[in-house]
Amino acid sequence: ELVSVAAGESLSLGFRIAAPTGAALFIATLVLGLVSRTVQQLNIPSLGLNVNAMILLGAMGLSLGTGAL
């Protein structure tokens, strides 16, 4: 019983940490797609990797700070 409770709590904590990060990356991808359609002179694939990495690190930092509550 203790193992199943611990597994359930760790799964719940994992979802609470990963959900805001996934949502932030999804919104960033939508925004970058819109920008690539409107400003075709920008090299969005190379810019998009850097933007996604920054958003991923920021969202993980914020969700780790509040996920343990």
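In the predicted model, residue A24 has a relative accessibility of 23% and is therefore classed as partly exposed, since it falls between the limit of under 20% for buried residues and that of over 50% for exposed ones. A24 belongs to helix α1. Its C-alpha atom lies 18 Å from that of S36, a residue separated from A24 by twelve positions in sequence.

Helix α1 comprises 37 residues, from 2 to 38. With a rise of 1.5 Å a residue, a helix of this number of residues should span 54 Å, and the C-alpha atoms at its two ends are indeed 54 Å apart, so the expected and modelled spans agree. The helix nevertheless contains a kink of about 25° at A18, shortly before the proline P20. Within α1, the buried residues are I17, T21, A28 and L32.

Two further residues of α1 illustrate exposed positions. V3, which also lies in this helix, has a relative accessibility of 68% and counts as exposed because this value is over the 50% cut-off. In space, V3 is 38 Å from T29, C-alpha to C-alpha, and the two residues are 26 residues apart in sequence. F26 is likewise part of α1; at 53% relative accessibility, F26 is over the 50% limit and therefore counts as exposed. F26 contributes, together with I27, L30 and V31, to a nonpolar surface patch of about 410 Å².

At the level of the whole protein chain, the secondary structure consists of two helices and zero strands. The radius of gyration of the chain is 17 Å, whereas the globule rule gives 11 Å for 69 residues; the chain is therefore more spread out than a compact globule. The dimensions of the C-alpha trace along its principal axes are about 60 × 20 × 15 Å.

Surface accessibility was also evaluated for the protein chain as a whole. Of its 69 residues, 13% are buried. The area exposed by the chain amounts to about 5,200 Å², and 74% of this area is supplied by carbon and sulfur atoms.

How values were computed. Residues numbered from 1 in each chain as written. Predicted model: local features only at pLDDT ≥ 70, side-chain atom pairs only at ≥ 80, totals over all residues. Heavy atoms only, no water. Helix = DSSP H or I, 4+ residues; strand = E, 2+ residues; numbered from the N terminus. Expected span 1.5 Å × (residues − 1). Bend = angle between axes of the 7 residues up to and from the residue. Buried < 20%, exposed > 50% of the residue type's maximum accessible area, 1.4 Å probe, protein only. Patch = residues over 30% accessible without salt bridge, like charges linked within 9 Å, V, L, I, M, F, W, Y side chains within 5 Å. Areas by Shrake-Rupley, 256 points an atom, 1.4 Å probe, with all protein chains shown as cover. Salt bridge = Lys/Arg side-chain N within 4 Å of Asp/Glu carboxyl O. Rg over C-alpha atoms; globule rule 2.2 N^0.38 Å.
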